[in-house]
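Reader: I have a model open beside its sequence, and I would like to learn how to read its features one at a time. Could you take me through them, with the general idea before each case?

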Amino acid sequence: MTENNSFYITTPIYYPSGKLHIGNATTTIACDVLARYKRMMNKDVFYLTGLDEHGQKIQTKAEEAGLSPQEYVDGMAVGVKALWELLGISYNQFIRTTDDYHETVVAAVFEKLLAQGDIYLGEYSGWYSVSDEEFFTESQLAEVFRDEAGNVIGGIAPSGHEVELVTEESYFFKLSKYQKHLEAFFKAHPDFISPNSRMNEMLKNFIEPGLEDLAVSRTTFTWGVQVPSNPKHVVYVWIDALLNYATALGYGQTDTANFDKFWLGNTVTKSWTDETDKTWEFQVASEVNHMIAKDILRFHSIYWPIILMALDLPLPNRLIAHGWFVIQDGKMSKSKGNVVYPEMLVERFGLDPLRYYLMRSLPVGSDGTFTPEDYVGRINYELANDLGNLLNRTVAMINKYFGGDIPAFAQATDFDADLAAVVAENLGAYHKNMDAVDYPRALEAVWNIISRTNKYIDETAPWVLAKDEADREKLAAVMAHLAASLRVVAHLIQPFMMETSNAIMAQLGLGSAFDLKNLELSGLPTGIKVVEKGTPIFPRLDMEEEIAYIKEQMTAGKPATEKEWNPEEVELKSSKDEIKFETFDAVEIRVAEVKEVSKVEGSDKLLCFRLDAGDGEDRQILSGIAKFYPNEQELVGKKLQIVANLKPRKMMKKYISQGMILSAEHDGKLTVLTVAPSVPNGSVIG
């Protein structure tokens, strides 16, 4: 086909079952940076994002809220769009899987695959997690619960969510039919997944062991796209959701102009010859790029290519699978009260610091760790000190020495050539890393220019040159080089920090025209005047105050009385962050006498306690301390300290835990905290 100038980038479509956090923001901002960069490189960009609005979890959430599923997702969509506007996301289209055009195409595709034999009707029995919208085999479960006879009665998914046994009639997609095709595609297109380590992970762990046919319909809920020929079935999430990347462009509809341009417009052939000398050829849409978090790579690298193969459509060119932002103690979790929400950071510190931090701090191929200290530190040291001070000094000196007029660009000092060489070298590194979606290294290249320019000021010492009229030409060259270097920096950070980029250009009097394709140090326009007095673009922050603020916000709205607690996850930690007295005061600690204690059937971690906490009736608490008390009966009659006002939590489907038993940790061992036998049951400790 005739080559065109198109570039297509997509986020995953997010599941609107709760408030989005900085993990979701990271993917969306990362796509936005790439979209803005490609536009500045004169590409015709189509940027897609949206919501995956069907499924059992949405139906359940809506019922809990007293809303219809459509009312529920309508409200969530408003909130997500508002968040993307706050974050400066320049998407071209926001798709919702409840959109009529999408549902129509999904139903038609399902019937097409059914008619051509790629989908068949059968029965599925497996362990299903509502929270994950995913089936698991017994061997995939993180923990298995058994009855006295050893039969599996439940378990925990790798995500930590409970699963339930589901047996139902289901349609299946013949993934096994495309096993060899998918292996050959991976060999023909080794750059399909970045980073490369994730390609090997998919091959070794999922594809080469053999693909099992995939259940692609459900009958136990109704919120989804009905199968036209068998309406009691709804199309399962991964068929429905993945097709959004094609339907958003017009695939299967009357107007296919965008699909023709952005998907079919740059098709190339990838080929591979196997050990039998058979040559496999695949059509690849060379400018179709999907960006996702690593936890959904399997669905995008296996299910999605096979769906496209079955539909005889070109395959996407690249899957960019990034890691997560985690907290020091592990992955962000609402139940742990350690989730970071982007709105809070933008409201307090502005948009650009957030965009900069997320893109600078997430290494390619691995997870990044968010800490309040690192967040505030990067603002102070990299944005305020390095970049902000460079701009402030430059504007002030041009005003002081040349009345605000930027001198014409010229070489006059012994240091000009080296500065130009560093800028040129890092311009090349920037473009290379932007194309590789290696944002930390792309920004490192920008900061190399900033660092070298700050050093250039010290080397040329303009305050010394200004004392001698004979050095006027050198002084002019220095001012021009400083302005030129800042102009380059402003262009390079534009995809990341639009407000900062525009502010630099405005203070230098350079307007708002950006062109990355022809950018060079010597391209400084003539006849330009800087502002009379520059405004600091990043005022320095009080480190201690701002770090404390972020920590407080991370746990805001999640007081001790409301935090979920899993007694199977006994965390041995030597220290924790400081809390306010009000937070501690919300915890009610009481004396409770152990009346009975027993091992929990199906778990090797839990003990079940019946306690008298002096409130009129016994309470039941499950505690994950079984390995520390192999003779649990020794605890009967002891008076323990318990957190009495925790919200009751259902465990293993049939147990309710009504509090938490306090323990002390030392050298990896736990000891329950007891009180003297004479202390009455129910006594408040505080």
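Reader: Which residues does UniProt list for the "short sequence motif: 'HIGH' region"?

Author: The UniProt record, in an unreviewed entry, lists residues 14–24 for the 'HIGH' region. Please keep in mind that what you have open is a predicted model. In that model the end C-alpha atoms of residues 14–24 lie 8 Å apart, and the span is 27% helix and 0% strand.

Reader: Let me turn to a helix, then. What span is expected for helix 4, and what span does helix 4 reach?

Author: The general idea comes first. An α-helix has 3.6 residues a turn, so residues three or four places apart point the same way. Helix 4 covers residues 100–115, which is 16 residues, and from its first C-alpha to its last it reaches 23 Å, close to the 22 Å expected at 1.5 Å a residue.

Reader: Which residues of helix 4 are buried, and what follows helix 4?

Author: The buried residues in helix 4 are H102, V105, V106, A107, V109, F110 and L113. Helix 4 is followed by G117, a residue whose phi is positive, near 85°.

Reader: I would now like to read the empty space. How many cavities of 30 Å³ or more are there, and which residues line the largest cavity?

Author: Rolling a probe the size of a water molecule over the atoms shows where empty space is left. Here the count comes to two cavities of 30 Å³ or more, and about 40 Å³ of space lies in the largest cavity. The largest cavity is lined by H54, G55, E133, F221, W223, G224, V234, V235, Y236, V237 and D240. Strand 12 (234–235) and helix 7 (237–242) each supply at least two residues of that lining, and by class the lining of the largest cavity has six nonpolar, three polar and two charged residues.

Reader: How does the lining of the second largest cavity divide into nonpolar, polar and charged residues?

Author: The second largest cavity has a volume of about 30 Å³, and the residues that line it are F173, L175, L214, V216, I239, Y303 and I307. By class, this lining divides into seven nonpolar, no polar and no charged residues.

Reader: Pockets are open rather than enclosed, as I understand the terms. What is the volume of the second largest pocket, and which residues lie nearest its centre?

Author: The second largest pocket has a volume of about 570 Å³. It is lined by 22 residues, and of these T137, Q140, E212, R298 and Y303 lie nearest its centre. Two or more lining residues come from each of strand 5 (134–136), helix 6 (196–207), strand 10 (214–215) and helix 10 (297–310). The largest share of the lining, four residues, comes from helix 10, and by class the lining of this pocket divides into 14 nonpolar, four polar and four charged residues.

Reader: My last topic is charge pairs. How many salt bridges does the structure hold, and which residue forms a salt bridge with R348?

Author: Side chains of opposite charge can pair when their charged atoms come close. The structure holds 28 salt bridges. R348 pairs with E546, and the closest N and O atoms of this salt bridge are 2.8 Å apart. R348 lies in helix 11 (residues 342–349) and E546 in helix 19 (residues 543–554), so the pair ties together parts that are 198 residues apart in sequence.

Reader: Are R348 and E546 buried or exposed?

Author: With buried taken as under 20% relative accessible area, E546 is buried at 9%, whereas R348, at 35% relative accessibility, counts as partly exposed.

Reader: Where do E382 and R378 lie, and are E382 and R378 buried or exposed?

Author: E382 and R378 both lie in helix 13 (residues 372–402), four residues apart, which is about one turn of the helix. They form a salt bridge whose closest N and O atoms are 2.7 Å apart. E382 counts as buried at 16% relative accessibility, and R378 is buried too, with a relative accessible area of 17%.

Reader: Which residue forms a salt bridge with D405, and which parts of the chain does the pair link?

Author: D405 forms a salt bridge with K529, the closest N and O atoms being 3.3 Å apart. This pair links distant parts of the chain, 124 residues apart, with D405 in the loop between helix 13 and helix 14 (416–435) and K529 in the loop between helix 18 (498–507) and helix 19. D405 is partly exposed, with a relative accessible area of 40%, and K529, at 47% relative accessibility, counts as partly exposed as well.

Reader: Which residues are joined into one network by salt bridges that share partners?

Author: R360, D374, R378 and E382 are joined into one network in this way.

Technical notes:
Residues numbered from 1 in each chain as written. Predicted model: local features only at pLDDT ≥ 70, side-chain atom pairs only at ≥ 80, totals over all residues. Heavy atoms only, no water. Expected span 1.5 Å × (residues − 1). Buried < 20%, exposed > 50% of the residue type's maximum accessible area, 1.4 Å probe, protein only. 1 Å grid on protein atoms, 1.4 Å probe; cavity = no way out; pocket = protein on both sides within 12 Å on 5 of 7 lines; lining within 4 Å. Points joined across faces, edges and corners; volume = space filled by probe spheres on them. Nonpolar A, V, L, I, M, F, W, Y, C, P; charged D, E, K, R; others polar. UniProt positions renumbered as here; feature names shortened; annotations may be inferred. Salt bridge = Lys/Arg side-chain N within 4 Å of Asp/Glu carboxyl O.
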